[in-house]
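Thanks for coming. I will go through one model today, starting with its aromatic rings and ending with its charged side chains. Please look at the structure while I talk.

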Amino acid sequence: MALHRDIFWVGRQWAVTGAGIQAVDQRLRGVLDIGIARLWDDDLVQSRRAKPGVNAADFDKALTVARERFPNTLVDMPASDPIVAQLKALGVIETPVVSPVVPAMKLRAEGRLARFLPQWRIRR
């Protein structure tokens, strides 16, 4: 997978792009890349960091830059919306409100060749 067109930081082995953290070496085909939605998944980050051949200092710097660039929206959300609080006070809302954060889109093509994935087309 080629590097995303928006590049924010480039190290010796890792780059922070619009897609998250990507390996600069394109021969890996995106196997070690970490998407924006998974930057805060500590288990995934530690598993990528523990891979043989990974420059730990460069990976840590890329992780720091990426987490500053893409903050965790689940932690940084305000505790309650003032409009929702006012509607609850008026008795309009009785059921608990689901978080307004849209779940991240999951791509299930990691590690697979694109030519073997099912194709889709938009008909006009």
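Is Phe 70 buried or exposed? This is a predicted model, and in it Phe 70 is buried, with a relative accessible area of 15%. The cut-off for buried is under 20%, so Phe 70 at 15% falls within that class.

Let me start with the rings. A pair of aromatic rings is described by the distance of the centres and the angle of the planes. The structure holds two aromatic pairs. In one of them, the ring centres of Phe 8 and Phe 70 lie 6.1 Å apart and the planes make an angle of 70 degrees, so this pair is edge-to-face. Along the chain these two residues are 62 residues apart: Phe 8 belongs to strand E1, residues 7-10, while Phe 70 is in the loop between helix H2 (56-69) and helix H3 (73-76). Phe 8 counts as partly exposed, with 36% relative accessibility.

The other pair is Trp 14 with Phe 59, also edge-to-face, at 5.1 Å centre to centre and 70 degrees between the planes. This pair too links distant parts of the chain, with Trp 14 in strand E2 (residues 14-17) and Phe 59 in helix H2, 45 residues apart. How accessible are they? Trp 14 counts as buried at 1% relative accessibility, and Phe 59 counts as buried at 0%.

That brings us to the core. In soluble globular proteins, nonpolar side chains tend to be buried together. Here the largest nonpolar core has 17 residues, and Trp 14 and Phe 59 are among those with the most contacts inside it. The others on that list are Val 16, Ile 21, Ile 34, Leu 39 and Ala 62. Which elements give two or more residues to this core? They are E2, strand E3 (20-23), H1 and H2. H2 gives the most, with five residues.

Stay with Val 16 for a moment. Leaving out residues up to four places away in sequence, Val 16 touches Asp 6, Ile 7, Phe 8 and Trp 9, and also Ala 62, Val 65, Ala 66 and Phe 70. You have met Phe 8 and Phe 70 already, as partners in an aromatic pair.

Now helix H2 itself. H2 has 14 residues, and the distance from its first C-alpha to its last is 20 Å, close to the 20 Å expected at 1.5 Å a residue. Which of its residues are buried? They are Asp 58, Phe 59, Ala 62, Leu 63, Val 65 and Ala 66. The cover over these buried residues includes E1, E2, E3, strand E4 (34-35) and H1.

Next, the charges. Two arginines have their charged ends over rings. The charged end of Arg 69 sits over the ring of Phe 8, 3.7 Å from the ring centre. The charged end of Arg 67 sits over the ring of Trp 40, and here the distance to the centre is 4.7 Å.

Side chains of opposite charge can pair when their charged atoms come close. How many salt bridges does the structure hold? It holds three. Arg 67 takes part in one of them, with Asp 42, where the closest N and O atoms are 3.2 Å apart. Asp 42 is in helix H1 (residues 42-49) and Arg 67 is in helix H2, 25 residues apart. At 48% relative accessibility, Asp 42 counts as partly exposed.

Another salt bridge joins Arg 49 and Asp 60, with 2.8 Å between the closest N and O atoms. Arg 49 is in helix H1 and Asp 60 in helix H2, so this pair ties together parts that are eleven residues apart in sequence. Arg 49 is partly exposed, at 31%, and so is Asp 60, at 29%.

There is also a salt bridge between Asp 41 and Arg 38, the closest N and O atoms being 3.0 Å apart. Asp 41 is partly exposed at 27% relative accessibility, and Arg 38 is partly exposed with a relative accessible area of 41%.

One last residue: where is Ala 37? Ala 37 is in the loop between E4 and H1. At 56% relative accessibility, Ala 37 counts as exposed. The C-alpha atoms of Ala 37 and Phe 70 are separated by 9.0 Å, although the two are 33 residues apart along the chain. That returns us to Phe 70, the buried residue from the opening question.

Notes. Residues numbered from 1 in each chain as written. Predicted model: local features only at pLDDT ≥ 70, side-chain atom pairs only at ≥ 80, totals over all residues. Heavy atoms only, no water. Phe/Tyr/Trp six-rings, centres within 6.5 Å; stacked < 30°, edge-to-face > 60°. Helix = DSSP H or I, 4+ residues; strand = E, 2+ residues; numbered from the N terminus. Buried < 20%, exposed > 50% of the residue type's maximum accessible area, 1.4 Å probe, protein only. Lys NZ or Arg CZ within 6 Å of the ring centre and 35° of its normal. Salt bridge = Lys/Arg side-chain N within 4 Å of Asp/Glu carboxyl O. Core = buried A, V, L, I, M, F, W, Y, C linked by side-chain atoms within 4.5 Å. Contact = heavy atoms within 4.5 Å. Expected span 1.5 Å × (residues − 1).
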